[in-house]
Amino acid sequence: TGERDLDAYELASRLSFMFTASIPDDELWARAVDGSLVRPEMLRAQVERLIDTKTDVFVQTFMGQWFDFRAWDDTAPGTIENAMWNESWRTLADVVREGLPVTAIVQPGFTYLNRDLATHYSLGGLDLGDELTRVATTERGGVLQQGSWLSLSATPLKTSPIHRGRLVQDRLLCKVIPPPDSSLFEQIQKIAESIPATASVKERLEAHRKAGPACAGCHEYMDPIGLGLEGFDMHGRLRSAYADTGKPVETASDLLGRPFSRFSELNAMIADLPDYHRCAAEKLTVHSIRRVVDAKEDADLLVYLTHPVADKPPSIREMVVRLVMSKAFRKVTHGGAK
């Protein structure tokens with residue numbers, strides 16, 4: 001139950017696996033051998049170096065797992081799936097490399113497109129070739145509007161606003177929804193059976209939210225978020241009507257009492273939630289120190305990681321530096337001190 005500082009070799013390993021999912025490079029190993037890595041100024045210098053030189057692999061491993069897009073990392077070049085993989089990691093790598101606020105994960109203001117991907121997204125008027133090019137846009141780029149996320153959060157045959165909303169809750173708000181117990185499952189079945197067959201998707205979701213506190217607690221988040229993403233089909237393409245029924249797609253809703261009609265408004269609302277900032281810090285911490293975050297013991301750490309900079313949210317880059325310099329990263333506890 002004790003606590004001790006990591007030695008230079010342990011720090012080098014923890015840093016290296018955090019950034020590259022592999023063993024230390026020559027520079028980091030040399031700082032372990034001479035013991036200088038335990039000095040705060042050297043540790044800070046090394047984390048800054050790794051952010052600058054290992055950004056791509058850090059994003060591909062950490063964020064690729066966080067948002068699932070690494071599922072496309074072995075797709076064939078020239079395919080839409082491969083273009084989606086490259087769009088995701090390149091966009092998020094720029095977010096990290098350029099020190100953009102953590103809110104840029106959902107609102108970067110740019111993305112990477114080539115001719116085929118722009119056509120797939122129905123983004124016209126762009127002079128693009130076969131190579132991916134950075135393009136300023138508010139229509140795409142945010143992780144929730146990337147084709148990788150949209151296709152991987154749906155089945156090949158249909159979308160599910162509840163499933164997408166639940167995924168957003170888990171990945172961006174760190175709100176894990178447990179499976180319903182038997183009594184709640186029976187209540188869900190009764191509600192589903194009471195909804196008319198002619199009801200729209202939005203009407204079905206509203207029935208869930210109005211079914212009582214046991215249902216509303218989960219659905220107040222995931223239903224509006226999932227509905228806001230219904231304007232994208234199972235392949236990440238824009239749509240205004242459902243292909244199987246011809247019924248119009250309804251995306252307008254409200255998140256915790258705040259109305260929205262477009263996904264760009266939804267993005268801003270999600271990025272404004274305190275849970276969003278805390279969740280980003282939690283995901284980074286779990287990835288970096290390889291243990292579950294404790295709500296009580298790590299509360300101060302999460303407050304520190306998300307503390308604003310000049311009244312603006314910190315960047316992922318700043319969060320990384322703060323985490324590495326923190327006690328949580330540099331020490332080992334919970335029995336590991338033995």
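# Close-up views of a predicted model

**View 1. A salt bridge joins the side chains of glutamate 139 and arginine 262, with N and O 3.1 Å apart.** This pair links distant parts of the chain, its two residues being 123 residues apart. Glutamate 139 sits in the loop between strand 3 (133–136) and helix 7 (147–152), while arginine 262 sits in the loop between strand 5 (258–260) and helix 12 (263–272). Both ends of the bridge have some accessible area: glutamate 139 counts as partly exposed at 28% relative accessibility, and arginine 262 is partly exposed at 38%. As with every view here, please keep in mind that the model is predicted.

**View 2. Arginine 97 and aspartate 94 form a salt bridge within helix 5.** The closest N and O atoms of this pair are 3.0 Å apart. The two residues are three apart in the helix, about one turn. What is the exposure class of each partner, buried or partly exposed? Arginine 97 has 36% relative accessibility, so it counts as partly exposed. Aspartate 94, with a relative accessible area of 7%, is buried.

**View 3. Asp56, Asp94, Arg97, Glu98 and Arg134 belong to one salt-bridge network.** What holds these five names together is that their salt bridges share partners. Aspartate 94 and arginine 97, the pair from the previous view, are both among the members. For the wider picture, the count for the model comes to 24 salt bridges.

**View 4. Helix 2 (residues 26–33) has a buried side made by Leu28, Arg31 and Ala32.** Looking down the axis of helix 2, its buried residues fall within an arc of 105 degrees, so they line one face of the helix. These buried residues pack against helix 1 (8–20) and helix 3 (40–53). The face turned away from the buried side carries Asp26 and Val33, which are exposed. Follow the chain just past helix 2 and you will find glycine 35, which takes a positive phi of about 80 degrees.

**View 5. Arginine 31 meets aspartate 34 in a salt bridge between their side chains.** The N to O distance is 2.9 Å. Arginine 31 is one of the buried residues of helix 2, and its relative accessibility is 18%; buried means under 20%, so arginine 31 falls in that class. Aspartate 34, in contrast, is partly exposed, with a relative accessible area of 44%.

**View 6. Tyr9, Trp29 and Val33 make a nonpolar surface patch.** The patch covers about 320 Å². Tryptophan 29 lies in helix 2 and counts as partly exposed at 44% relative accessibility. Val33, another member of the patch, is also one of the exposed residues on the face of helix 2 turned away from its buried side.

**View 7. Threonine 75 is found in the loop between helix 4 (55–66) and helix 5 (80–97).** Is this loop residue buried or exposed? At 16% relative accessibility, threonine 75 counts as buried. The side chain of threonine 75 reaches the backbone oxygen of tryptophan 72 at 2.7 Å. Leaving aside neighbours within four places in sequence, threonine 75 is in contact with Glu81 and Asn82. Further along the chain, tryptophan 85 is 10 residues away from threonine 75, and their C-alpha atoms are separated by 8.3 Å.

**View 8. Threonine 111 lies in strand 2 (residues 110–113) and shares a polar contact with glutamate 87.** The side chains of threonine 111 and glutamate 87 come together at 2.8 Å. With 0% relative accessibility, threonine 111 counts as buried. Which residues surround it, not counting those up to four places away in sequence? Threonine 111 touches Glu87, Thr91, Thr133, Arg134, Val135, Thr137, Arg140 and Gly141. One of these, Arg134, also appears in the salt-bridge network of View 3.

**View 9. Helix 15 (residues 316–325) is largely enclosed by the rest of the structure.** Why is helix 15 described in this way? Nine of its 10 residues are buried, so the rest of the structure largely encloses it. The buried residues are Ile316, Arg317, Met319, Val320, Val321, Arg322, Leu323, Val324 and Met325.

Technical notes:
Residues are numbered from 1 along each chain as its sequence is written. This is a predicted model: local features need pLDDT of at least 70, side-chain atom pairs count only at pLDDT 80 or more; totals for chains, interfaces and linings use all residues. Side-chain values use heavy atoms; hydrogens and water are left out. Patches are made of residues with over 30% relative accessible area and no salt bridge: like charges are joined within 9 Å, nonpolar side chains (Val, Leu, Ile, Met, Phe, Trp, Tyr) within 5 Å. Accessible areas come from the Shrake-Rupley method with a 1.4 Å probe; for residues, only the protein chains shown count as cover. A salt bridge is a side-chain nitrogen of Lys or Arg within 4 Å of a carboxyl oxygen of Asp or Glu. Helices (H or I, at least four residues) and strands (E, at least two) are DSSP runs, numbered from the N terminus. Buried means under 20% relative accessible area, exposed over 50%, partly exposed in between (1.4 Å probe, protein chains only). The arc is that of the directions from the helix axis to the C-beta atoms. Contact means heavy atoms within 4.5 Å. A polar contact is a pair of N or O atoms within 3.5 Å; within protein, one must be able to donate a hydrogen and the other to accept it, and residues adjacent in sequence count only if both atoms are side-chain atoms.
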